[in-house]
Amino acid sequence: LAAHWLLEPEFSSQPGMLVEVRGSFGPTGWFNGDYEGKQGTVQSVYDTQSPNFAATANVLFVDPLDPAKPSLQVPVEVLKPVKPEKYGTEVLILHGQHKGQQARVNMVEAGGLMVVTTKRFTVDELSADKLVVFRPVD
C-alpha cells in the first residue's frame, strides 16, 4: 500500500476508516511518536497538492492523549489501515476490482483469508491486509 494511500480518490472521500499511527518516531516524526500505535477513525482527508506542505487527515482517536482534543490533523504517511480480524466486521476494500467499496466480512479462513460481501452482493476472497476496518461516520 502506498504511503499516501488515503489520498487516492477511492478512499479520500470516505470518512470512517480505522487507522493506526505507525512510523511517527525520528527526526521527521509526528508528535514525538507519542501517538505511535494509537488508533482512530478518519473524519476527513486534506490533500494540499503541494510537496512543501504535508497532506493530512483529521483523525478522531479512540484513546487520545488529551481527552479535550480527541481529534487531530495527522500527516497521511504515518496512518496505516487497521486490518479486520473477525466475522461481521464492516470493511472497505483496499485493492483489486472492488477497491473503495464497502463490504462485510462473512467468513474468516485459515491463513488470514476473508470472504467479504459488498453492498452489491459481490462475494470476494481477500487477505486481511487488503481490507481496512470501516466505521461509517454519521
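Which residues of the largest nonpolar core touch the most other members? Hi everyone, let's start there. The core has 22 residues, and the ones touching the most other members are L6, M17, F61, V74 and L79. Before I go on, please keep in mind that this is a predicted model. The chain's mean pLDDT is 92, and 99% of the residues reach 70 or more. Among the elements, strand β1, residues 18-21, has the highest mean pLDDT at 98, while β9 has the lowest at 90.

Back to the core, then. Three elements give two or more residues to it: β1, β3 and β4, the last of these covering 71-75. The largest share comes from β3, with three residues. If you would like one residue to click on, try L6. Leaving aside neighbours within four places in sequence, L6 is in contact with F11, S12, M17, V42, V45, A57, V76 and L79. Two names on that list, M17 and L79, are also among the residues that touch the most other core members. There is a second, separate core as well, with nine residues, including A103, V105, L126 and L131.

Now to the strands. β1 and β2 pair in the antiparallel sense, over three bridges. To find that pairing on screen, look for V19, whose bridge partner in β2 is G40. β2 then pairs with β3, again antiparallel, this time over six bridges. Here T41 is a handy marker, as T41 stands opposite L60 in β3.

Let's look at the loop between β1 and β2, where S24 is found. Is S24 buried or exposed? S24 is buried, with a relative accessible area of 0%. Not counting residues up to four places away in sequence, S24 touches G29, W30, N32, G33, E36 and V78.

In that loop we also have F31 and N32. Have a look at their backbones. Phi of F31 is near 55°, which is a positive value in a residue other than glycine. For N32, phi is near 55° too, again positive and again in a residue other than glycine. As for accessibility, F31 counts as partly exposed at 42%, whereas N32 counts as exposed at 68%. The cut-off for exposed is over 50%, so N32 at 68% falls into that class. And remember that N32 is one of the residues S24 touches, so you have an exposed residue in contact with a buried one under the contact limit of 4.5 Å.

Moving along the chain, the next loop lies between β2, 39-46, and β3, 56-61, and T48 sits in it. T48 is partly exposed, with a relative accessible area of 22%. The line for buried is under 20%, so T48 falls in the class in between. Setting aside residues up to four places away, T48 touches F53, A54 and A55. What does the side chain of T48 reach? The answer is the backbone oxygen of F53, at 2.6 Å. For a sense of scale, the C-alpha atoms of T48 and I93 are 25 Å apart, and these residues are separated by 45 places along the chain.

Next, the open sheet of five strands. Reading across, the order is β9-β8-β7-β6-β10, with antiparallel pairing. At the edges stand β9, 123-127, and β10, 131-133; each has a single partner strand, so one side of each is left without a neighbour in the sheet. From one strand to the next, the twist averages 45°.

You can check one of those edges for yourselves. β6, residues 90-93, is joined to β10 by three bridges, and the two run antiparallel. Within that pairing, L92 stands opposite V132 in β10.

My last stop is R120, in the loop between β8, 113-118, and β9. R120 counts as exposed, at 62% relative accessibility. R120 and E8 are 112 residues apart in sequence, and their C-alpha atoms are 22 Å apart in space.

So, what to take back to your benches? There is a largest nonpolar core of 22 residues, a second one of nine, and an open sheet of five strands with β9 and β10 at its edges. Thanks for listening, everyone!

Note on methods
Residues numbered from 1 in each chain as written. Predicted model: local features only at pLDDT ≥ 70, side-chain atom pairs only at ≥ 80, totals over all residues. Heavy atoms only, no water. Pairing = 2+ DSSP bridges. Helix = DSSP H or I, 4+ residues; strand = E, 2+ residues; numbered from the N terminus. Axes fitted to C-alpha atoms, helices over the stretch in contact; angles between N-to-C directions. pLDDT = per-residue confidence, 0-100. Buried < 20%, exposed > 50% of the residue type's maximum accessible area, 1.4 Å probe, protein only. Polar contact = N/O pair within 3.5 Å; in protein donor to acceptor, adjacent residues only side chain to side chain. Core = buried A, V, L, I, M, F, W, Y, C linked by side-chain atoms within 4.5 Å.
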